[in-house]
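Hi,

Here is the model I promised to pass on. Have a look at it first, and then read on for what turned up when I went through it.

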Amino acid sequence: MEKWTWLLYLLTNWYTWPVLGGVLSAIASPFIRMFRLWQAKSRFIRSQGAKLENPQNADARFQLANIYAAGGGYRQALQYAQAAVKVAEENPLYEGQVPYHMMRLLGEMYYRRGCYQESIESYRRALSVKSDLGYGDARFGMGRSLYRKGELEKAFDVLNRSIEDNASNLEGYFRLAVVSTDLGRLKEADQVKQEFWKVAAQLPAFAGKHRMRWRLAFIFFPLTRGLL
């Protein structure tokens, strides 16, 4: 009888359902993401399958790598990103210059898989070719990889330049603050934090990617700097 009373008590309390909903959402989230990834991949293969069969089509492989990356399938994304770069290197239409966006994605996928030296090399190649969108993303990615490798001085310089290239990259401020703190440059870390709050307040809602996440990261900085 006590068990039923306890269960009835839980079911009739207002806080039970939000907590239960959060737990169920957390459990279901990976499966939902996998299903959506399967849907996106299936649609792409149905519509672009012929292009994938063409051994000289680098763009189709890049697009499929992007789909896997967006769905969190980093192992498959890395495989297709590598294939896209290889095809571009061998295709005379690219004149020996692999496009910036392909090298940037390859660098990101190497980073996601923990291959930091390969990530750095990919970003370095991205920085050596023309980019119509600037080089902020590639420098940011390289800075993260350099930090993971323990090359803090280089990471500091590259992340600093990435923010100069793209001042709206909120994560860039967080990563730079972490590197500055690890280097013992506390004054510079404080300056980065102050700049972050200015930029976060000025950015329009659509431009502040994961704004709340990085605000919380700075609020709880002593904890989050070792977790994120």
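K130 and D132 pair up through their side chains in a salt bridge, with 4.0 Å from N to O. Both ends sit out in the open: K130 counts as exposed because its relative accessibility is 68%, and D132 counts as exposed at 70%. Bear in mind throughout that this is a predicted model, so please read every distance here as computed from predicted coordinates.

That pair is part of a longer list, as the count of salt bridges comes to 14. Another one joins the side chains of R124 and E121, at 2.8 Å from N to O. These two residues are three apart in helix α6, which covers residues 116–126, so about one helical turn separates them. In general, an α-helix has 3.6 residues a turn, so residues three or four places apart point the same way. As for cover, R124 is partly exposed at 42% relative accessibility, and E121 is also partly exposed, at 36%.

Now for a bridge with less solvent around it. R175 and E171 meet through their side chains at 2.9 Å, N to O. They are four residues apart in helix α9 (residues 170–182), which again means a separation of about one helical turn. Are they buried or exposed? Both R175 and E171 are buried.

The R175 and E171 pair doesn't stand alone, either: E108, R112, R144, E171 and R175 are linked in a network of salt bridges. E108 is worth a click. Its place is in helix α5, residues 100–112, and it counts as buried because its relative accessibility is 12%, under the 20% cut-off. Leaving aside neighbours within four places in sequence, E108 is in contact with Y123 and R144; R144 is also one of the network members.

Stepping back to the whole chain: the secondary structure comes to twelve helices and zero strands, so if you colour by element, expect α from the N terminus on through the last one. The chain has 228 residues, and buried ones make up 39% of them. Its accessible surface comes to about 14000 Å², with 57% of that belonging to carbon and sulfur atoms. Taking the contacts with a separation of 6 or more, 51% are between residues 24 or more positions apart.

Next, helix α3 (residues 58–70), which makes a nice sanity check on geometry. How far apart should its ends be? It has 13 residues, and at 1.5 Å a residue these should span 18 Å. The end C-alpha atoms are 19 Å apart, which agrees. At the N-terminal end, N57 acts as a cap, with a side-chain oxygen 3.2 Å from the backbone nitrogen of D59. After α3 comes G72, which has a positive phi, near 85°. The buried residues of α3 are A58, A60, R61, F62, L64, A65, I67, Y68 and A69; you'll spot an arginine, R61, in that list.

Some of those α3 residues turn up again as partners of F44. F44 lies in helix α2, residues 16–53, and counts as buried because its relative accessibility is 8%. Which residues does F44 touch, once neighbours within four places in sequence are left aside? It is in contact with G49, L52, A60, Q63, L64 and I67. Among these, A60 is 16 residues away from F44 along the chain, and their C-alpha atoms are separated by 9.2 Å.

Last, the surface. W197, M212, L216, I219, F220, L223 and L227 form a nonpolar patch there, with about 750 Å² of accessible area together. Helix α11 (residues 211–219) gives the largest share of the patch, three residues. F220 lies in the loop between α11 and α12, the latter being 221–224. With a relative accessible area of 48%, F220 is partly exposed.

If you only have time for a few views, I'd pick the network of E108, R112, R144, E171 and R175, the contacts of F44, and the nonpolar patch with W197 and F220 among its members.

Cheers

Terms used:
Residues are numbered from 1 along each chain as its sequence is written. This is a predicted model: local features need pLDDT of at least 70, side-chain atom pairs count only at pLDDT 80 or more; totals for chains, interfaces and linings use all residues. Side-chain values use heavy atoms; hydrogens and water are left out. Patches are made of residues with over 30% relative accessible area and no salt bridge: like charges are joined within 9 Å, nonpolar side chains (Val, Leu, Ile, Met, Phe, Trp, Tyr) within 5 Å. Accessible areas come from the Shrake-Rupley method with a 1.4 Å probe; for residues, only the protein chains shown count as cover. Buried means under 20% relative accessible area, exposed over 50%, partly exposed in between (1.4 Å probe, protein chains only). The expected span of a helix is 1.5 Å times one less than its number of residues. A polar contact is a pair of N or O atoms within 3.5 Å; within protein, one must be able to donate a hydrogen and the other to accept it, and residues adjacent in sequence count only if both atoms are side-chain atoms. Contact means heavy atoms within 4.5 Å.
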